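Visitor: I'd like a close look at a single part of this protein. Can you pick one helix and walk me along it, then on to whatever comes next?

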Amino acid sequence: MDLLRSVILGIVQGLTEFLPISSSAHLAIVPQLLGWEDPGAAYTAVVQIGTELAVILYFWRDIWTIGSGWVRGVFSAEARQAPEWRMGWFIIVGSLPIVVLGIALEDAIDREFRNLWFIASMLIGMGLVLGLAERLGRKAKPIDDLNARDAILLGLAQACALVPGVSRSGATISMGLFLGYDRRAATRYAFLLAIPAVVGAGIYKLKDIPGGENAYGTVPTIVGTVVAFVVGLAVIHWLLQYVSKNSYAPFVIYRVVLGAVVLGLLWGGVITGAVAG
């Protein structure tokens, strides 16, 4: 039964990680709706490695170009004039806020922030922020226009996703749109920026998989991670095609409706607000 549940939650993770609707919120809400035990913070962190491996595979050329260009820049002044050198630094600098805050707020992230009242409110609130960004953003700047100031602001936005319900991609994309970047550029950078943070958090939480912070155990967690990888790979391709021609409005509506439904279920006592640490 744990294996089946982990597969289903792996599918949920793969479907929701890259869409601006918060995978961590769905991994907290779905078990409640189905009457299952909460999978725990460690399961949530580790299964996200699967979707980030999908990002690494999908963008391996970009990652290789940026990584090798950054390494060359360490040893060569000429290489430091290349855009790959700057992009490498932008990703490093943009990753620092979520690393620092993730360590400082670890206990709250694992417990207090996982309350469904809080998560549902964040779904609605950040959904409205995404809608405002979609409406006000100029959506004109390509990713090549990225500068140090914007990299820091995008990193701070990503750090907000430490709170379940915010959405890592949703927060970063919203900031990108507010800064004037086009949808595809904002989405692509959100994917690349997430790699160090999510893989690092997953590796850090590996130690908790056999223990009480994971309800399913080692083998089901591995299977769920693999499923998340396969599903996530398909979602990346679809989303990048979608945002080239369409707005984020459907995701805004979905977030607000889901948050309102969860609040209604909580208010009516159908589900409980607390989830496991």
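Which residues of α7 are buried?

Guide: One heads-up: this is a predicted model, where local features need pLDDT of at least 70, side-chain atom pairs count only at pLDDT 80 or more, and totals for chains, interfaces and linings use all residues. Residues are numbered from 1 along each chain as its sequence is written, and side-chain values use heavy atoms, with hydrogens and water left out.

Now your helix (a DSSP run of H or I, at least four residues, numbered from the N terminus). The buried residues of α7 are L116, I119, A120, L123, M126, G127, L130, A133 and E134; buried means under 20% relative accessible area, exposed over 50%, partly exposed in between (1.4 Å probe, protein chains only). Look down the axis of α7 and these buried residues fall within an arc of 145 degrees (taken from the directions from the axis to the C-beta atoms), so they line one face of the helix. Over on the other side of α7, you'll find L128, R135 and L136 exposed.

The helix also passes a ruler check. Helix α7 has 21 residues (116–136), which at 1.5 Å a residue (times one less than the number of residues) should span 30 Å, and its end C-alpha atoms are indeed 30 Å apart. At the start of α7, N115 makes a polar contact (N or O atoms within 3.5 Å, one able to donate a hydrogen and the other to accept it; residues adjacent in sequence count only if both atoms are side-chain atoms): a side-chain oxygen of N115 comes within 2.8 Å of the backbone nitrogen of W117.

Carry on past the helix and you enter the loop between α7 and α8, where K139 sits. K139 has a positive phi, near 55 degrees, in a residue other than glycine. K139 is partly exposed, because its relative accessible area is 23%.

Next up is helix α8 (residues 148–159), which holds D150. With a relative accessible area of 0%, D150 counts as buried. Leaving out residues up to four places away in sequence, D150 touches (heavy atoms within 4.5 Å) K141, L179 and Y181.

Finally, the wider setting. The largest nonpolar core (buried Ala, Val, Leu, Ile, Met, Phe, Trp, Tyr and Cys joined through side-chain atoms within 4.5 Å) has 38 residues, and Y189, F191, I236 and L239 have the most contacts inside it. Both α7 and α8 are among the helices that each supply at least two residues of this core, along with others including α10 (183–205) and α11 (218–243). As for L239, the residues it touches, again not counting those up to four places away in sequence, are F18, L19, T187, F191 and F251.
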